[in-house]
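This briefing introduces a single structure to a reader who has not met it before. Please keep the sequence and the 3D view at hand while reading.

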Amino acid sequence: VLKVGHHGSSTSTCDDFLEDVSPDYAVIMCGTDNEYGHPHKQTLDRLSALNIKVFRTDTDGTVFVGTDGKTLAWGNYNADDN
């Protein structure tokens, strides 16, 4: 699991880094309709090209991941759902 740097800006997560780390999942923390346009399309395209499943706080709400060291458990909480 990779926590994507700087809200998913275009320069935060380069191809070489992604290939070295080789995450299965990525979490991007950014606000809805933020003035900086995060996450940037370039970053989303990089993640997609490597088949990395993306969770985003702007679209998925608060993202939770837990582990016992062997397996992952995912959840989310979206305030709009309440």
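Which backbone oxygen lies 3.1 Å from a polar atom of the side chain of Thr43? It is the backbone oxygen of Gly8. The model examined here is a predicted one. The points below begin with Thr43 and continue with the sheet, the salt bridges and the cysteines.

**Thr43 and its surroundings**

- Thr43 has its place in helix H2, a helix that spans residues 41-49.
- With a relative accessible area of 1%, Thr43 is buried, since the cut-off for that class is under 20%.
- Apart from neighbours within four places in sequence, the residues in contact with Thr43 are Val4, Gly8, Ser9, Ser10 and Ser12.
- Gly8 therefore appears twice in the surroundings of Thr43: it is in contact with Thr43, and its backbone oxygen lies 3.1 Å from a polar atom of the Thr43 side chain.

**The sheet**

- Three strands form an open sheet in the order E1-E2-E3, and their pairing is parallel.
- Strand E1 (2-3) and strand E3 (53-56) stand at the edges; each has a single partner strand, so one side of each is left without a neighbour in the sheet.
- In general, strands of a sheet pair through backbone hydrogen bonds, in either a parallel or an antiparallel sense.
- Strand E2, made up of residues 25-28, pairs with E3 in the parallel sense over four bridges.
- Across this pairing, Ile28 stands opposite Arg56 in E3.

**Salt bridges**

- Three salt bridges are found in the structure.
- As a general matter, side chains of opposite charge can pair when their charged atoms come close.
- One of the salt bridges joins the side chains of Arg46 and Asp15, at 3.9 Å from N to O.
- Arg46 belongs to helix H2 and Asp15 to helix H1 (residues 15-21), so this pair ties together parts that are 31 residues apart in sequence.
- Arg46 counts as buried at 19% relative accessibility, whereas Asp15, at 41%, counts as partly exposed.
- Another salt bridge brings together the side chains of Lys41 and Asp45, at 2.7 Å from N to O.
- Lys41 and Asp45 both lie in helix H2, where they are four residues apart, about one turn of the helix.
- Lys41 is exposed, with a relative accessible area of 57%, while Asp45 counts as partly exposed at 38% relative accessibility.
- A further salt bridge links Asp58 with Arg56, whose closest N and O atoms are 2.6 Å apart.
- Both Asp58 and Arg56 are buried.
- Arg56 thus has two roles in this description: it stands opposite Ile28, and it forms a salt bridge with Asp58.

**Cysteines**

- A disulfide is, in general, a covalent bond between the sulfur atoms of two cysteines.
- The count of disulfides in this structure comes to zero.
- For the sulfur of Cys14, the closest cysteine sulfur is that of Cys30, 19 Å away and too far for a bond, because a disulfide requires the two sulfur atoms to be within 2.5 Å.
- Cys14 is partly exposed, with a relative accessible area of 42%.
- Cys30 is buried, with a relative accessible area of 9%.

Conventions:
Residues are numbered from 1 along each chain as its sequence is written. This is a predicted model: local features need pLDDT of at least 70, side-chain atom pairs count only at pLDDT 80 or more; totals for chains, interfaces and linings use all residues. Side-chain values use heavy atoms; hydrogens and water are left out. Two strands pair if DSSP finds at least two bridges between them. A salt bridge is a side-chain nitrogen of Lys or Arg within 4 Å of a carboxyl oxygen of Asp or Glu. Buried means under 20% relative accessible area, exposed over 50%, partly exposed in between (1.4 Å probe, protein chains only). A polar contact is a pair of N or O atoms within 3.5 Å; within protein, one must be able to donate a hydrogen and the other to accept it, and residues adjacent in sequence count only if both atoms are side-chain atoms. Contact means heavy atoms within 4.5 Å.
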